[in-house]
Amino acid sequence: MAAVPLIERFQKNPRGKKGPDRILPPDYLREKKRREAVRRLALEAAKMDDEFGRIFPNPENSRRMEILNSGREIDRQTVGDAGVNAITRRTYEGTPPLTAYVKPQSGESGFRYDAASDSVIQIKRHWNKKTHRLITTEQTYAKGGSGDPVEEQIVNAFRVRSQNFATLKQNIADYYGLAPDEIELNGTEFTPRYGVDRGKTLIREYTASRLDRIFNLGVVPLTALRAENEVHTDPKTGEQTTILENIELVSVQEAAPGKALDAATYREILAQGPKHPGAKSFMRIACLDYLMKSLDRHNENILYDPATQQFSAIDNGLSMGLSQKGVGNQPGELDPLRSIPLSVVLKHANWKLDPEAMASLKQFHDKTLAYLQRREELLRNTQKRAGKPLSVELIGQEIDEEIEREQGGQEFKYLTKLFRMQYGHEKVAQRECLEFIIRLRKLLQTGRPPDISEGWQGGEILPVGVYWPDAA
Amino acid sequence: MKTEGNPLRPANDNRIAEKERLTVVYWITIDDAGNETGSYAITLRPDGQADLSQLPADIKDTLETFGSYDKLSNRRLFPKDGEFFLKTLLANSNAYQRVRHQP
């Protein structure tokens, strides 16, 4: 009998062989890596939340965060189509119980340009509860040469993006001072935004929620990241079994009051501006959108609750995208900012951020500045003692330990850790953190987002693209 | 056409499905507590445009004013955009504005 090649044996029985010569199929290794990454990320998020509770103490935030992170589920309802928008509504045990919307990472669609058929293919994934397998469906989303203008535009955009991907990656790498290989950006499966990588939108949801709480804005529903195992319920006995292999990263976002911004409310806020009853929270969303470079704040991602007269911002997955090399040392526009609140507040020159939120932003800014100045001072002193210039890399740890003893810069350090977790690379996180602080300073100078509009036509029904600020 | 692919079994590789024409989606209304209260069909008319006539007036007004923002083409799509308008409604569906294949 002819010997069966090793790879085929493993495809039939991947765990059948142990030992150093074990060769595993690439798909198996990829899946193993994915599971490890999910567990690691959820663990990191939980640790970050412990730290958040220490640095920004707020008993109510901590109580709700704990429920979202580890609360026992007592009810579940399906909200969206499986495989299209796999959102479920859950209720978690607590006093009172907490209702949240849970979004799995696999529910995120990816898009691929297929050169052979000149088409854009939509890729969807979700767990099949019956077979306990990850299902992937690929469907032609738009086909070139169809004559339909929308279809043509989509295909053209993805064709160009696919063809120029290497150049784009090089430009991004240049901006962060890295080699192109170090930039985490999938070159075959895209998100709708250039600077947001596939599979990273849930982390952005989480980051947006933490940024909102750092500045006490209260406009983004509290969100946690969890590693969730599929639970199989035996149809005959009702016995539940946790399937450890089927692990998913999910975002658990507290349910917010209200409904998507409708046309009537939009017209009111556009006409009344700062006099609208919901103006305070609307301006807070505009400021947060500016700070976190929101790329997808259309009316369906803004909620308004007439009872509390509060606006909320949901679906923050497409935000905080990567930048590319611009003019001089400034970031170049990779994805234009898109935000209805930003566009609306720019139409009312006297509309400012409320004093409470301003104080919160200023406190963070001042503490950060004090920390950076203290760091600088310690660096100078150490160099003076040594009698020669020493590199920051050499004495940075020593300085950080000193500052830690003084309990300084905790807020800024938390921010850098948050960005590190999101961007996955130290240098990218550092640069984005710096740009974030620059935007914060600009916001504090005028008490409102700077006028960054470009080609903005007054009176046009939104959304209007609001673009990256000029080099300043 | 849908195919199942097990990540542990690369032999069951994924296949590209043919483009399936989308002719109807359902707009689900919810109450303040997030419970579903109704379902309204948005269909494609013979002229290729989306028909909003079955929707409540406020939802119809919102869709006619804002359209639905398509992230891929970076433009707002309106009922006149037909199938892509339906696709965009599905893509933008979230916990608070629910649009599904099924009622």
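Which residues are linked with Glu60(A) in a network of salt bridges? In this predicted model, the partners in that network are Arg63(A), Arg64(A) and Glu254(A). Over all chains, the structure holds 38 salt bridges, and three further pairs make a nice tour.

| Acidic residue | Basic residue | Closest N to O distance |
|---|---|---|
| Glu93(A) | Arg72(A) | 3.1 Å |
| Glu356(A) | Arg284(A) | 3.9 Å |
| Glu83(B) | Arg21(B) | 3.2 Å |

Let us start with Glu93(A) and Arg72(A), which form a salt bridge. Glu93(A) sits in the loop between β2 and β3 of chain A and Arg72(A) in the loop between α3 and β1, so the pair ties together parts 21 residues apart in sequence. Glu93(A) is partly exposed at 41% relative accessibility, while Arg72(A) is exposed at 52%.

Next, Glu356(A) meets Arg284(A) in a salt bridge. This one joins helix α10 to helix α8 of chain A, so it ties together parts 72 residues apart in sequence. Glu356(A) is exposed at 55%, whereas Arg284(A) is buried at 7%.

In chain B, Glu83(B) bridges to Arg21(B). Glu83(B) belongs to helix α2 and Arg21(B) to the loop between β1 and β2, 62 residues apart. Here Glu83(B) is buried at 10% and Arg21(B) exposed at 58%.

In the loop between β6 and α2 of chain B lies Asp81(B), buried at 12% relative accessibility. Its contacts beyond four places in sequence are Val150(A), Arg75(B) and Arg76(B).

Finally, helix α1 of chain B has Ile59(B), Thr62(B), Leu63(B), Thr65(B) and Phe66(B) as its buried residues. They lie on the same side of α1(B) because they cover an arc of only 165° around the axis. Just after this helix, Gly67(B) takes a positive phi of about 70°.

How values were computed. Residues numbered from 1 in each chain as written. Chains lettered and ligands numbered in written order. Predicted model: local features only at pLDDT ≥ 70, side-chain atom pairs only at ≥ 80, totals over all residues. Heavy atoms only, no water. Buried < 20%, exposed > 50% of the residue type's maximum accessible area, 1.4 Å probe, protein only. Helix = DSSP H or I, 4+ residues; strand = E, 2+ residues; numbered from the N terminus. Arc of directions from axis to C-beta. Contact = heavy atoms within 4.5 Å. Salt bridge = Lys/Arg side-chain N within 4 Å of Asp/Glu carboxyl O.
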